Amino acid sequence: MTTGAATRVFLARLAGIGVFDPNGDQVGKVRDAIVVLRIGANPPRLTGLVVEVQPRRRIFIPMTKVTAIDSGQVIVTGTVNLRRFEQRSNETMVTAELLDRTVDLSETGERVSLLDVAVEKAPSRDWFVTQLYVRKPGAGLRRRGATLIVDWEDVAGLSLPVTDQPAEQLLSHLDTMRAADVADALQDLAPKRRMEVARHLDDQRLADILEELPDDDRVEIMQALEAERAADILEEMDPDDAADLLAELPPDQAADLLERMEPDDADDIRRLLSYDELSAGGMMTTEPVVLPPDATVADALARIRIPELSPALASQVYVTRSPTETPTGRYLGACHFQELLREPPATLVSALVDTTLTPLGPDAPLDVITRYFAAYNLVALPVVDESGHLLGAVTIDDVIDHMLPEDWRENDGDLGGGG
């Protein structure tokens, strides 16, 4: 097992270890890991962990929420979905279904038993199976065979034929693409093929892609998905994007999906839906980086280091009295990451906050927001209610999104910037 910064983990060794949030509170224990088998030379992908929480409920935590695996513990960030885990048809449980399976060594045809599966984190931040720990047959009834580690591609029997998963061939080409580029590719597909691909994407990946699709296409996908899965995907989306999507759905369907979501996630979205779409409240995210006054610079840097944070959200932290979940206790100020980098790790963030930047109210209109960003050269700004509670933060990407024409995502212009 390795640190969060390293990349290789043997999955069987995770069974039973504790899962903790960034504050050190235990969420549960790892019970299994989920991989998705793929065709041909494409290695299986680790999509998440099955974690047991009290009272004996098993939930799914996607790998996008895992920030470290170190010293017998898993650290996760963000809101954990407590809905009971239900295995999908394209998912394989490592401990329950893969371990002890008999597979063939490709070169010799020798039959071996699978004892463990090693995964590594790719530059794309996805986790893929790279090696297998296997045992050869023993020579006698009581003699155990030799064990060895082999590369994944040297074993036959852990891939799908093309005919098993019609969308898998295309999915293998989409794995390393940015969400915006995948969204662009999906728009060129026939509706049936687009839905085929969408159904085989994991929840977090599909959530990221839906955030980049035009309204018509993402509404089409959401209406075709099973209601429970659609609710799961909304929980994985940024709250402001999820609210925008729900606003495009028929009211009855939107209300049903909100009821199926985890209460905390649904409450955030209902709050966003209560504001005008082109106001600070309607554009903000309810999940900025919020810290208490006694947090240190080291704590703040650890939080903004999380890869899943957008650059705009990672640009600054917001300091508030307890509670630090939005709507928070009294807002004290913001601290830009450059200021954090200049100070000793033990310095309290409360000593560094900028109190000169006046936050916006949730009803501030788009023209006021854009002038604010331009005047102060901002990439994110806090949104505070009349009682001084932090409601969220508006980021520059959302401002630009709302300033562009509604059909800008459907423009065929090249986003690559090449000459």
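**Exercise 1. Which residue does the side chain of arginine 83 meet in a salt bridge?**

Before the solution, two notes apply to every exercise. This is a predicted model, in which local features need pLDDT of at least 70 and side-chain atom pairs count only at pLDDT 80 or more, whereas totals for chains, interfaces and linings use all residues. Residues are numbered from 1 along each chain as its sequence is written, and side-chain values use heavy atoms, with hydrogens and water left out.

*Solution.* Begin with the criterion: a salt bridge is a side-chain nitrogen of Lys or Arg within 4 Å of a carboxyl oxygen of Asp or Glu. The side chain of arginine 83 meets that of glutamate 228, with 3.3 Å from N to O. Next, place the two residues, using helices (H or I, at least four residues) and strands (E, at least two) that are DSSP runs numbered from the N terminus. Arginine 83 sits in the loop between strand 7 (73-76) and strand 8 (92-93), while glutamate 228 belongs to helix 7 (residues 227-236), so the pair ties together parts that are 145 residues apart in sequence. Finally, consider accessibility, where buried means under 20% relative accessible area, exposed over 50%, and partly exposed in between (1.4 Å probe, protein chains only). With a relative accessible area of 36%, glutamate 228 is partly exposed.

**Exercise 2. Locate the salt bridges of aspartate 215 and of arginine 260, and describe the setting of each.**

*Solution.* Take aspartate 215 to begin with: its salt bridge is to arginine 218, and the closest N and O atoms are 3.1 Å apart. Both residues lie in helix 6 (residues 215-224), three residues apart, which is about one turn of the helix. Aspartate 215 is partly exposed, at a relative accessible area of 31%, whereas arginine 218 is buried, at 6%.

Arginine 260 pairs with aspartate 256, and here the closest N and O atoms are 2.9 Å apart. These two share helix 9 (residues 251-260) and are four residues apart, again about one turn of the helix. Arginine 260, with a relative accessible area of 30%, is partly exposed, and aspartate 256, with 32%, is partly exposed.

To widen the view, a network of salt bridges links Arg83, Glu228, Asp232, Glu235, Asp256 and Arg260. The whole structure contains 20 salt bridges.

**Exercise 3. How is the sheet of strands 14, 15 and 16 arranged, and which strands stand at its edges?**

*Solution.* Two strands count as paired if DSSP finds at least two bridges between them. The three strands form an open sheet in the order 14-15-16, with mixed pairing. Strand 14 (290-291) and strand 16 (331-336) are the edge strands, each having a single partner strand, so one side of each is left without a neighbour in the sheet. Strand 15 (residues 316-320) pairs with strand 16 in the antiparallel sense over five bridges, and glutamine 316 has histidine 336 in strand 16 as its bridge partner.

Now examine the loop between strand 15 and strand 16, which holds arginine 321. Arginine 321 counts as partly exposed, at 41% relative accessibility. Proline 323 also lies in this loop, and the peptide bond leading to proline 323 from serine 322 is cis, with omega near 0°. Proline 327 is found in the loop between strand 15 and strand 16 as well, joined to threonine 326 by a cis peptide bond with omega about -10°. For context, most residues other than glycine have a negative phi, and most peptide bonds are trans.

**Exercise 4. Describe the two pairings of strand 7, with strand 2 and with strand 6.**

*Solution.* Strand 2 (residues 18-20) and strand 7 run parallel and are joined by three bridges; glycine 18 has glutamine 73 in strand 7 as its bridge partner. Strand 6 (residues 66-70) pairs with strand 7 in the antiparallel sense over four bridges, and alanine 68 stands opposite isoleucine 75 in strand 7. The hairpin of strand 6 and strand 7 has two residues between the strands, and in it serine 71 takes a positive phi near 50°.

**Exercise 5. Is arginine 56 buried or exposed, and what is its phi?**

*Solution.* Arginine 56 occurs in the loop between strand 4 (45-53) and strand 5 (57-62). At 67% relative accessibility, arginine 56 counts as exposed. Its phi is near 55°, a positive value in a residue other than glycine.
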